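Ready for some practice in reading cores and interfaces? Take a look at the sequence and the model below, then try each exercise before you turn to its solution.

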Amino acid sequence: MEDALQLLIAKYNYWIYITLMMIGLYGVIAKNNLVKKIVGMSIFQTAIILFFVSMGMKKGATIPIVVHEEASHGVIRAVDYINPLPHVLMLTAIVVAVSTLGVALALAVRVYKKYGTLEEDEILEQIRKS
Amino acid sequence: MKILGLVIVTLTGAVLIWATGEFPGWGDPNSPASLHVSPRYIEKTLEETSVPNAVTSVLADYRGYDTMFETTVIFAAGVSCFMLLRLFAGQEPEAVHYRHLLTGLTLRVRRRKESLEELEEFERMDSLWTPHDIILRTLCRFLIPFIQLFALYVIAHGHHSPGGGFQGGVILGASLILLAIAQDMRSALDRVRERTLAMLSALGVSVYAGTGALCLLLGSNFLDYAALAKVIWVDPVGARSLGIFLVEVGVGMAVMATMILIYHNLASEGRLDEGL
Amino acid sequence: MIWQLDLLVLSLVVICGIGALVIKDLLGSAILFGAYSFMMCVLWAVMGAVDVAFTEASVGAGVSTVFFVAAVFHTTRRTKD
Amino acid sequence: MTEHLPALIVVVPLLSAFLVFALGWVKRELCFPVGLCGLGVVAWACVGLLVQVLESGPVTYKLGGWEAPWGIVYVVDTLNGMVLAAVSLSAFIQWVWSAPSLLRQFPDRLGALYGLQMLFVTGLLGITVTGDAFNLYVLLEIASITAYALIAMGEERAALSSLNYVFMGTVGACFYLLGVGYLYIMTGTLNMADLARLLTGLHGSRAIQVAFLITMVGLWLKMAFFPLHGWLPNAYTHAPAALSGLIAPLMTKVMVYVMIRIDLHVFGPSYSFEKLGLDRAVVWLAVLAVVMSSVLALAQRDLKRMLTYVILMEVGYMVGGFWLGNRSGMTGAVLHLLNDVFMTLCAFLAVGNLLYRLQGCSFPELRGAFSKMPFTMGGLVATALSIVGVPPTCGFFSKWYLLLGALEAEHYGFLAALIFSSLVSMVLFFRVFEWAFFSSQHENAEKGHTGSSLQEAPAQMVVPLLLVAAGLIALGLFSGEIVSRIVEPAIPMAVS
């Protein structure tokens, strides 16, 4: 019991991140409305970003901007600063997410112009009829 | 589809959670992620690039190649939206609406023999009724310069504080999007033409890639900003810092122009008329 | 950080995420997605990822939501699920 | 200058993409020649790099001058040297070939279109050349976003198919990213060589197993491996004819290359094939992929749509051959990767030529094509021979290695699938030629609607097609050379 609680406290963050990812993934797979699918896609991407950012976290450390006074004394210790690498990666990932979002919405607008609806089953119905 | 989705999601989630058992604890300072590669970035950033913000130095220098493509991604998205949505052969409508700004009256002009657009007190409208929000307009007029100033600060001060080209560019773009929402897209486009936007976005990314190519021409590796020391009379470390600033400006330009381009095309379905 | 607050923000994120997917109005979905992004941004700021939080605040909660609203404005708010 | 060749192959197309897009606003006629120059330089750099690698071993290039685990490096060995040369050459040929139909179809947005095409090529070249797992993701997204937009420029269902591709592709890329995240949290590095070094100590780890699994699933989604192929047929069918000549040959093949790279040079062959015990299951999946896609291809009544199922079949070959896990199978897969780029290119160039003159390319519409468009159909015949696997063409040799691999691994299911699909493709193409050749008199009697106006496509479109068709035979003739000098060194010694 004690071990399980310990595990829960150490890992519950990861579990919530994965839950979020799965919510997004479910949205992409199972939703019928195209804009809803796009929302699901964005949730999925953002949850992955959250997972990455949490990797860089160090308890007891501060944000990765080196203070000049410390530098002049020649003691910059990596332990005192949060790992900047995941942040950099995730800046890129956020940009990718917003780019995908823009293109996907443009496509959704085009689909709506053509079929007059955003529901996937109604669109497929129209295609089958023609 | 719903059941299939649920099954896939549960399975994937279970597999992913099963693997977390081996992860280092959340926020563990001794995890491999914080021990192997990243300490160098923190310990050497001042010494090697003279940029205190480790995120900026890693973003624009150590992994600057990633960032170049990050900017390219957003450029590609802007070009894609433009290409997918923009309508060129616009049918000229038979009747055009104008609003008399002083009285708020709407005129419907059937045949546009003489254009009213030159006259100061008239404003073109697309739908029959759009609200004439004097408070909103005046307030945005006041706000926008400050937003833009802040954006420029964010770009310029990215070396020492959170922020940088990307964030600043987005804020700069958002200020013009705000103008397009609060007034209408036509007056926003009067300030910055579509052609200017397209040129700016291409120019911004070219500044980034061009800085890298300049280093190549100066005999170093691609994106090795230290090579710039040969042309600007500073030491290599200062040249790195300057190179980072240069590419941040490029990123800011590209991101600003692209965000506005995407918004304009999305919000008017490519007609670039009144917008929302 | 205080773990109670952490848990609160985390559960708000999950609620906003689920809400954005189940609400039967696309405009509402867009706004809830904006709230989701904003909560994310708070989480990251707390984790010390200030640059990422800054970006997410301007991109995820700001520009993305505007894009969503623009797209919904030109399509429809109606949805079946 | 030669030490900077690796940088040139990405920088030149990138800068010319921006230039082409800007020129689209100023002087539209210049877009084509500028892009042509850019791609010419790239093709020269890629071939030069391949020659350099063949002469003096793998080349490493440090971007920004930073050492490997901290900065991003390029690593070029014979495997990606070969893929680079194939990608750049086929992009160059496609650029020349597509100009007339693009000019006719999209005169108003030429600059944006050319710019995106160039960015797509940049993305693919970058994916191929990079030695960093995260950098690969960014470039993957560049290639994907441009591909979404280019596909959506088609008519009818294109936007919907492309949106579907957006969902599947983004989920695939996210899975890949998540896999990289799992690797990063366990090892703390993103560089591929460094990952390979650190992973040898972590072979028993569950997290690494899951990372391997989700990376593979993500890549399979991207390459449309059988159960995850849903997006490909619609997307490629509805894409504009001129652009599917660029996307169809390159996208899936580069993804197969990425899978080979990750399996061999990040996880290592012993981990990928022995530790998890997945190899036989994956080969059985590939068998299913080959059989199902050949059956589905039989059900199609449209040439372009049929070819998209042939692409799925080829993906099945490559994945199956690779996962056989022995030397012959891998040789077959890598050789087939090279051959398939040009086979698919040739097929889609021919279809593009047909579509330049015809309304659509369902079988009845192909009537009389042989007599009216002899060169185009000649190119299609060469492709068909190669896809079926008739000896002088290149398809035969790679299939031969795949068969050998299946025999060595005693995997008779894959063997049977190979033979079955070859027979089916014979039937497939025979049907097409029957419509196109034997029905011509029939059509003359009826004096159909398109009959008199049908003529050969312009020379700018025919000559590239014939060149590629000749290339198919040349690749076949030199395949012994290619195997011994390029493919063999690319496979690690550990694979027996």
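Three exercises with worked solutions follow, and all of them concern a predicted model.

**Exercise 1. Describe the largest nonpolar core and find what D:L303 touches.**

Solution. Start with the extent of the core: it holds 370 residues. Next, look for the residues with the most contacts inside it, which are C:W44, D:L303 and D:W323. Then ask which element contributes most: this is helix α4 of chain A, residues 85-115, with 20 residues in the core. A second core, of six residues, lies apart from the largest one, and A:V66, A:A78, A:Y81 and B:L46 are among its members. Finally, go to D:L303 and set aside its neighbours within four places in sequence; its contacts are then D:V351, D:L354, D:C361, D:F363, D:L366, D:L380 and D:V432.

**Exercise 2. Characterise the interface between chain C and chain B.**

Solution. Begin with the contacts: 15 residues of chain C meet 23 residues of chain B. The area buried between the two chains comes to about 1600 Å², and carbon and sulfur atoms give 78% of it. On the chain C side, C:D51, C:F54 and C:H74 supply 36% of the buried area, more than any other three residues. Now sort the chain C residues that touch chain B by class: 10 are nonpolar, three polar and two charged. For the specific interactions, you should count zero salt bridges and five residue pairs in polar contact, with both residues at pLDDT 80 or more.

**Exercise 3. Work through the interface between chain D and chain B, and locate its salt bridge.**

Solution. Here 61 residues of chain D are in contact with 57 residues of chain B. Together the chains bury about 5300 Å², 73% of it on carbon and sulfur atoms. Within chain D, the residues that lose the most area to chain B are D:W25, D:W66 and D:W70, which together make up 16% of what that side buries.

Turn next to the polar side of the story. The interface has one salt bridge, and you will find it where the side chains of B:R63 and D:D132 meet, at 2.8 Å from N to O. There are also 17 residue pairs in polar contact, again with both residues at pLDDT 80 or more.

To finish, map the chain D side onto its secondary structure. Several elements each supply at least two residues, including β1 (59-63), β2 (72-76) and α6 (158-187). The top contributor is α1(D), with 11 residues. By class, this side of chain D has 42 nonpolar, 12 polar and seven charged residues.

Note on methods: Residues numbered from 1 in each chain as written. Chains lettered and ligands numbered in written order. Predicted model: local features only at pLDDT ≥ 70, side-chain atom pairs only at ≥ 80, totals over all residues. Heavy atoms only, no water. Core = buried A, V, L, I, M, F, W, Y, C linked by side-chain atoms within 4.5 Å. Buried < 20%, exposed > 50% of the residue type's maximum accessible area, 1.4 Å probe, protein only. Helix = DSSP H or I, 4+ residues; strand = E, 2+ residues; numbered from the N terminus. Contact = heavy atoms within 4.5 Å. Buried area = accessible area lost by both parts, 1.4 Å probe. Salt bridge = Lys/Arg side-chain N within 4 Å of Asp/Glu carboxyl O. Polar contact = N/O pair within 3.5 Å; in protein donor to acceptor, adjacent residues only side chain to side chain. Nonpolar A, V, L, I, M, F, W, Y, C, P; charged D, E, K, R; others polar.
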